[in-house]
Amino acid sequence: MTKPGSAAGPTGPPGSASPPLRLSKRDARRTAIRAQALQRQRPDDLEAVLRQLFFLQLEPTKAVAPSAELVLWSRLGNTFRPEQVDEAIADGRVVEYRGTLRLAADMALFRADMAAWPGLPPLRPWQEIQAEWVDANDACRRDILHRLETEGPLPTGAFPDICEVPWKSSGWTNNRNVSQLLNLMVQRGEVAIAGHQAGERMWDLAERVYPDGPTLPLEQAAHERNKRRLTALGIARASGQECVFETTAVGEVGVPAEVAGVSGLWRVDPELLDQPFRGRAALLSPFDRLVFDRRRVAELFDYEYILEMYKPAAKRRWGYYALPVLYGDKLVGKLDATADHKSGVLRVNALHWDQAPSAALRAAVDREIDALGAWLGLPVQR
């Protein structure tokens with residue numbers, strides 16, 4: 001890595017901003033892996049993982065295991081039990097918020113956005129539509145709040161659909177009035193998911209679910225979220241992909257950096273640079289944040305990945321739910337595996353290598369596959 005202002009680095013006129021760091025691709029990869037807690041030294045527990053990763057995306061596909069559980073297993077190993085997530089939610093340490101799991105203490109970073117819902121002017125057309133729809137169904141909103149105050153927590157089915165204006169969508173939410181209203185009330189900071197019962201969400205007043213705490217001003221909260229996001233990613237673009245649950249952009253936090261062979265500027269967390277690196281083998285969820293941004297993973301890891309569960313079987317190269325394979329500071333393949341609980345096996349359909357594997361690489365990945373089977377309670381069928 002070349003430090004800013006060094007002889008090999010770019011220079012600028014007096015008084016100009018510091019020139020960017022110059023990183024090799026290996027530097028960049030290792031920074032990303034450190035940030036994602038995927039080195040040989042594992043985090044201590046679920047809360048330590050969430051503290052470092054900032055959030056876990058909830059995605060229900062169970063071809064191997066739900067994504068959030070796979071992410072936790074890949075960090076914590078076989079000491080992790082899926083029940084620990086429900087336990088952490090039940091005792092208030094962790095909350096479910098807009099398709100993610102987060103530390104309850106981190107909800108302080110979202111209160112200002114809730115208070116400002118649907119957002120600061122000028123509003124986008126979709127924000128205006130949402131606000132007008134909630135106003136049009138204020139009687140239903142108030143009925144939900146009253147029922148929760150007197151009877152909560154309650155499942156979605158406990159709320160009668162008394163919406164006067166149906167929710168219109170070209171997707172699966174069309175006319176799903178109560179569930180859509182509940183989701184918007186989450187964004188308003190009025191209700192929250194209090195847990196699950198028999199696989200169904202349980203709702204309660206947000207004030208009973210989220211911990212008390214100060215509300216940071218909007219700009220400060222956004223800045224703190226950017227800092228946490230960069231700490232979790234290690235290296236990222238200032239602007240990036242927008243998602244319902246989280247963005248990949250980090251704004252101007254961290255320091256600027258260039259990566260050899262990659263165009264454009266990055267932002268990097270300097271605390272994650274120049275540290276010892278001890279890599280290991282890991283099997284990752286397709287939704288793991290190390291690989292979630294497909295452009296970033298292609299640029300930094302020279303790794304191609306597409307989630308193929310939406311493709312016809314005949315057009316898949318790697319499998320329905322192939323797990324990216326990490327070894328050291330490289331992504332080296334894809335594991336096509338299925339947890340077949342009916343037959344009682346973890347079936348390895350194929351292991352697609354991106355490079356010719358050494359004996360050490362094969363052995364390390366085989367150990368991870370065996371560990372995955374043991375964690376699932378399923379013998380491995382290769």
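This report covers the domains, sheets, salt bridges and unusual backbone sites of one protein chain. The model is predicted.

## Domains and the interface of domains 1 and 2

The domain assignment splits the chain into three parts. Domain 1 takes residues 21-78 and 222-272. Domain 2 takes 105-208, and domain 3 takes 281-376. Domain 1 is therefore written as two segments, with domain 2 numbered between them.

The C-alpha centres of domain 1 and domain 2 lie 29 Å apart. Contact between these two domains involves four residues from each. About 410 Å² is buried between them, and carbon and sulfur atoms give 53% of that area. On the side of domain 1, Phe 54, Arg 225 and Arg 228 supply 83% of the area buried against domain 2, more than any other three residues.

What charged links does this interface hold? The count between domain 1 and domain 2 is two salt bridges. The side chains of Arg 225 and Asp 113 form a salt bridge, with an N to O distance of 3.0 Å. Three residue pairs are in polar contact across the interface. By class, the domain 1 side that touches domain 2 has three charged residues, one nonpolar residue and no polar residue.

## Salt bridges in the whole structure

The structure holds 30 salt bridges. In one of them, Arg 102 pairs with Glu 246, and the closest N and O atoms are 2.8 Å apart. Arg 102 lies in strand β4 (residues 100-103), while Glu 246 lies in the loop between β8 (235-236) and β9 (255-259), so the pair ties together parts that are 144 residues apart in sequence.

## The five-strand sheet

Strands of a sheet pair through backbone hydrogen bonds, either parallel or antiparallel. One open sheet here has five strands in the order β11-β12-β13-β14-β15, with mixed pairing. Its edge strands are β11 (281-283) and β15 (380-381), each paired on one side only.

Strand β12 (residues 323-327) runs antiparallel to β13 (residues 330-340), and five bridges join them. Val 325 stands opposite Gly 333 in β13. Strand β13 is also antiparallel to β14 (residues 345-353), through eight bridges. There, Ala 337 has Val 348 of β14 as its bridge partner. The hairpin of β13 and β14 has four residues between the strands, and Gly 344 in this hairpin takes a positive phi near 75 degrees. Strands β14 and β15 pair in the parallel sense over two bridges. Leu 346 stands opposite Val 380 in β15.

## Other strand pairings

A second open sheet has four strands in the order β1-β9-β10-β8, again with mixed pairing. Strands β1 (21-23) and β8 stand at the edges with a single partner strand each, so one side of each is left without a neighbour in the sheet. Strands β1 and β9 are parallel, with three bridges. Leu 23 stands opposite Val 259 in β9.

Strand β7 (residues 200-205) has antiparallel pairings with two strands. Two bridges join β7 to β5 (residues 154-155), and six bridges join β7 to β6 (residues 191-197). Leu 154 stands opposite Trp 203, and His 196 stands opposite Arg 201. The hairpin of β6 and β7 leaves two residues between the strands, and Ala 198 in the turn has a positive phi of about 55 degrees.

## Backbone sites in loops

Where do the cis peptide bonds and one positive phi outside glycine fall? The table lists the angles.

| Site | Feature | Angle |
|---|---|---|
| Trp 117 to Pro 118 | cis peptide bond | omega near 10 degrees |
| Pro 121 to Pro 122 | cis peptide bond | omega near 0 degrees |
| Asp 274 | positive phi, residue other than glycine | phi near 55 degrees |

Pro 118 lies in the loop between α5 (111-115) and α6 (125-136). Pro 122 is found in the loop between α5 and α6 as well. Asp 274 sits in the loop between β10 (266-268) and β11.

Notes. Residues numbered from 1 in each chain as written. Predicted model: local features only at pLDDT ≥ 70, side-chain atom pairs only at ≥ 80, totals over all residues. Heavy atoms only, no water. Contact = heavy atoms within 4.5 Å. Buried area = accessible area lost by both parts, 1.4 Å probe. Salt bridge = Lys/Arg side-chain N within 4 Å of Asp/Glu carboxyl O. Polar contact = N/O pair within 3.5 Å; in protein donor to acceptor, adjacent residues only side chain to side chain. Nonpolar A, V, L, I, M, F, W, Y, C, P; charged D, E, K, R; others polar. Pairing = 2+ DSSP bridges.
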